[in-house]
Amino acid sequence: MNAITDFASFLQAAHAQPEPQRLLFVCLRIELPEDHDEGQAARYRAGQGGALLPVMYVDRRAEEVESFDALVEESRAQGESWQILLAAALAGRDGRPPSDAETDEQLKVMVRTVHAGGDLSPYLAFDGHGEVLWFE
C-alpha cells in the first residue's frame with residue numbers, strides 16, 4: 001500500500017479497504033490561548049504554535065467524499081473557517097459500515113482528545129490545501 005501523502009491518497013486508501021469505511025473529520029481552528037505569554041504570542045504571530053479549537057465535525061461514508069475541495073466547500077457553506085482538518089477512518093465489519101453509535105463515539109473521542117491537548121498521532125492532519133501535516 002502506498003503512503004498517505006495528501007488528502008487524495010487518504011481517499012484512495014479508504015476506497016481500497018476490504019470493509020466499508022466511515023471517514024471522520026474534525027475541523028480545527030488555531031487560536032492564541034487567552035492565558036498566553038509573550039513567547040507564545042510571538043510564536044503564534046510567526047505561524048508556529050497556538051491552541052487547537054474544534055469548530056465542527058462530521059462523518060461521511062468513503063464514497064460520499066469526492067475530494068478535499070468538496071469537503072472544504074461544504075464546511076464553508078456551514079460558515080466555519082478552519083486551518084487544520086483532523087481525519088480518521090473507521091472500518092466496518094462483515095461488509096457493513098460502522099454503526100452511527102460507533103461513529104459518534106469515535107468523533108467524540110477525537111474532539112475530547114483535542115480539547116484535552118492529547119496525543120493526535122493516531123489521526124491524520126491536513127492543512128487548508130489537503131497536504132499532510134505533522135505535529136511536533
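Three bridges join strand β3 to strand β4, and the two run antiparallel. One of the residue pairs here is easy to pick out: Leu86 has Ala125 of β4 as its bridge partner. All of this is read from a predicted model, so every value below is computed rather than taken from an experiment.

That pairing is one piece of a wider sheet. Five strands make up an open sheet in the order β2-β1-β3-β4-β5, with antiparallel pairing. The edges belong to β2 and β5 (132-133); each has a single partner strand, so one side of each is left without a neighbour in the sheet.

Moving inward, β1 is a good strand to follow. Toward β2 there are ten bridges, with the two strands antiparallel; Cys27 stands opposite Met56 of β2. Toward β3 there are eight bridges, again in the antiparallel sense, and Phe25 has Ala87 of β3 as its bridge partner. How much of β1 is buried? Eight of its eleven residues are, so β1 is largely enclosed by the rest of the structure.

Next come the helices that lie across the sheet. Helix α3 lies across β1, β2, β3 and β4, and runs at about 115° to β2. Its buried residues are Phe68, Leu71, Val72 and Ser75. Viewed down the axis of α3, these buried residues fall within an arc of 100°, so they line one face of the helix. The pattern fits a simple bit of helix geometry: an α-helix has 3.6 residues a turn, so residues three or four places apart point the same way. On the other side of α3, Asp69, Glu73 and Ala77 are exposed. And what covers the buried residues? The cover includes α1, β1, β2, β3 and β4.

Helix α4 (residues 100-115) lies across β1, β2 and β3, running at about 25° to β1. Its length can be checked with a quick calculation: at 1.5 Å a residue, the 16 residues of α4 should span 22 Å, and the end C-alpha atoms are indeed 22 Å apart, which agrees. Buried in α4 are Thr103, Leu107, Met110, Val111, Thr113 and Val114. Seen down the axis of α4, they fall within an arc of 160°, so they too line one face of their helix. These buried residues pack against β1, β2 and β3, while Ala101 and His115, on the other side of α4, are exposed.

Just past the end of α4, things turn to loop. Ala116 sits in the loop between α4 and β4. Is Ala116 buried or exposed? With a relative accessible area of 66%, Ala116 counts as exposed. The C-alpha atoms of Ala116 and Arg93 are 30 Å apart, though the two residues are separated by 23 residues along the chain. Gly117, which follows α4, has a positive phi, near 70°.

Now for the inside. In soluble globular proteins, nonpolar side chains tend to be buried together. In this model the largest nonpolar core holds 21 residues, and Phe7, Phe10, Leu23, Phe25, Leu85 and Phe126 touch the most other members. Which elements give two or more residues to this core? They are α1 (7-15), β1 (21-31), β2 (51-61), α3 (68-77), β3 (84-91) and β4 (124-126). The top contributor is α1, with four residues. A second, separate core has 14 residues, including Val26, Val111, Leu120 and Tyr123.

Phe10 gives a closer look at the packing. Leaving aside residues up to four places away in sequence, Phe10 touches Ile4, Leu23, Phe25, Ala87, Ala88, Ala89, Leu124 and Phe126. Among these contacts are Leu23, Phe25 and Phe126, which also appear in the list of core residues that touch the most other members.

A last stop is Gln48, found in the loop between α2 (38-45) and β2. Gln48 has 51% relative accessibility and so counts as exposed; the cut-off for that label is over 50%. The C-alpha atoms of Gln48 and Gln12 are separated by 30 Å, with the two residues 36 apart along the chain.

Note on methods:
Residues numbered from 1 in each chain as written. Predicted model: local features only at pLDDT ≥ 70, side-chain atom pairs only at ≥ 80, totals over all residues. Heavy atoms only, no water. Core = buried A, V, L, I, M, F, W, Y, C linked by side-chain atoms within 4.5 Å. Buried < 20%, exposed > 50% of the residue type's maximum accessible area, 1.4 Å probe, protein only. Contact = heavy atoms within 4.5 Å. Expected span 1.5 Å × (residues − 1). Arc of directions from axis to C-beta. Pairing = 2+ DSSP bridges. Axes fitted to C-alpha atoms, helices over the stretch in contact; angles between N-to-C directions.
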